[in-house]
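Here is a short briefing to read alongside the model. Take a moment to bring up the sequence and the structure, and then we can go through the charged pairs and the main pocket together.

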Amino acid sequence: MWDERYAAEDYIFGTEPADFVRRAEPMLPRGARVLCLAEGEGRNAVFLAGQGHLVTGIDMSAVGLAKAARLAAARGVTVDLRVADVMAWDGADSPWDAVVAVFIHFRAGERARVAAALARGLAPGGLFLFHAYAPGQIALGTGGPKDPGMLAGQAEVVADFPGWDVAMARDYEAVLAEGARHVGRSMLVDVILRWPGVSEAVAAG
């Protein structure tokens, strides 16, 4: 499905980062090691690389990542792009300073699994940056999943990360203009969580 969507010549979500990513970037340490989940056409990863971070992007669509590589080349930055299923990521590759998930709509059980992977993959004090459609989006009909079970507000997301420090969490309405797919009045959720523990990757080392 995603290969077919990304086959369009245009960047269906645009080439500029989500406003959330632009606003959150100053929270990252200089030269942070950042992993972007389900990165698709590369707009957020390319932006972060342009800010001097060491960025890896994973996505299950090779077609989307080919467009991400073209965008990175056009912007003169380097991004490590890998074809991989987000739900198969176990966090054991190495400690990251930040993991970014933009418009990935996890079900409740999937969020709990991702939380466990993040605890393995984030360095102590590392950040999880989450931005997606929130409940109420279906009624607006301007994009995103049609299944209510795939939409969660900030309280539900935070609840799946017990013991994490909450740097920011909010549900809000905004008008999007991101390519052809994210356009118009939208209900959104932003959550930034800080992992306070020692990553399992470090402990095992």
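Which residues are linked in a network of salt bridges? They are Asp 19, Arg 23, Arg 170 and Asp 190. Please keep in mind that this is a predicted model. The structure holds eleven salt bridges, and the points below look at some of them before turning to the largest pocket.

**The salt-bridge network**

- Within helix H2, the side chains of Arg 23 and Asp 19 meet in a salt bridge with an N to O distance of 2.8 Å.
- Arg 23 and Asp 19 are four residues apart in helix H2, so about one helical turn separates them.
- Both partners count as partly exposed: Arg 23 has a relative accessible area of 36%, and Asp 19 has 43%.
- Another salt bridge of the network joins Arg 170 to Asp 190, whose closest N and O atoms are 3.7 Å apart.
- Because Arg 170 sits in strand E6 (residues 165-178) and Asp 190 in strand E7 (residues 182-194), this pair ties together parts that are 20 residues apart in sequence.
- Here the two partners fall into separate accessibility classes: Arg 170 is partly exposed at 34% relative accessibility, whereas Asp 190 is buried, with a relative accessible area of 0%.

**A link between distant parts of the chain**

- Glu 16 forms a salt bridge with Arg 75, and their closest N and O atoms are 3.1 Å apart.
- This pair connects distant parts of the chain, 59 residues apart: Glu 16 belongs to the loop between helix H1 (2-6) and helix H2 (19-24), while Arg 75 belongs to helix H4 (residues 62-75).
- Glu 16 is partly exposed, with a relative accessible area of 42%, and Arg 75 is also partly exposed, at 39%.

**The largest pocket**

- About 940 Å³ of space lies in the largest pocket.
- Its lining is made up of 36 residues, and those nearest the centre of the pocket are Trp 2, Ala 38, Phe 103, Ile 104 and His 105.
- At least two lining residues come from each of H1, helix H3 (43-50) and strand E4 (96-102).
- H1 gives the most to this lining, with three residues.
- Sorted by class, the lining has 18 nonpolar, eight polar and ten charged residues.

Notes
Residues numbered from 1 in each chain as written. Predicted model: local features only at pLDDT ≥ 70, side-chain atom pairs only at ≥ 80, totals over all residues. Heavy atoms only, no water. Salt bridge = Lys/Arg side-chain N within 4 Å of Asp/Glu carboxyl O. Buried < 20%, exposed > 50% of the residue type's maximum accessible area, 1.4 Å probe, protein only. 1 Å grid on protein atoms, 1.4 Å probe; cavity = no way out; pocket = protein on both sides within 12 Å on 5 of 7 lines; lining within 4 Å. Points joined across faces, edges and corners; volume = space filled by probe spheres on them. Nonpolar A, V, L, I, M, F, W, Y, C, P; charged D, E, K, R; others polar.
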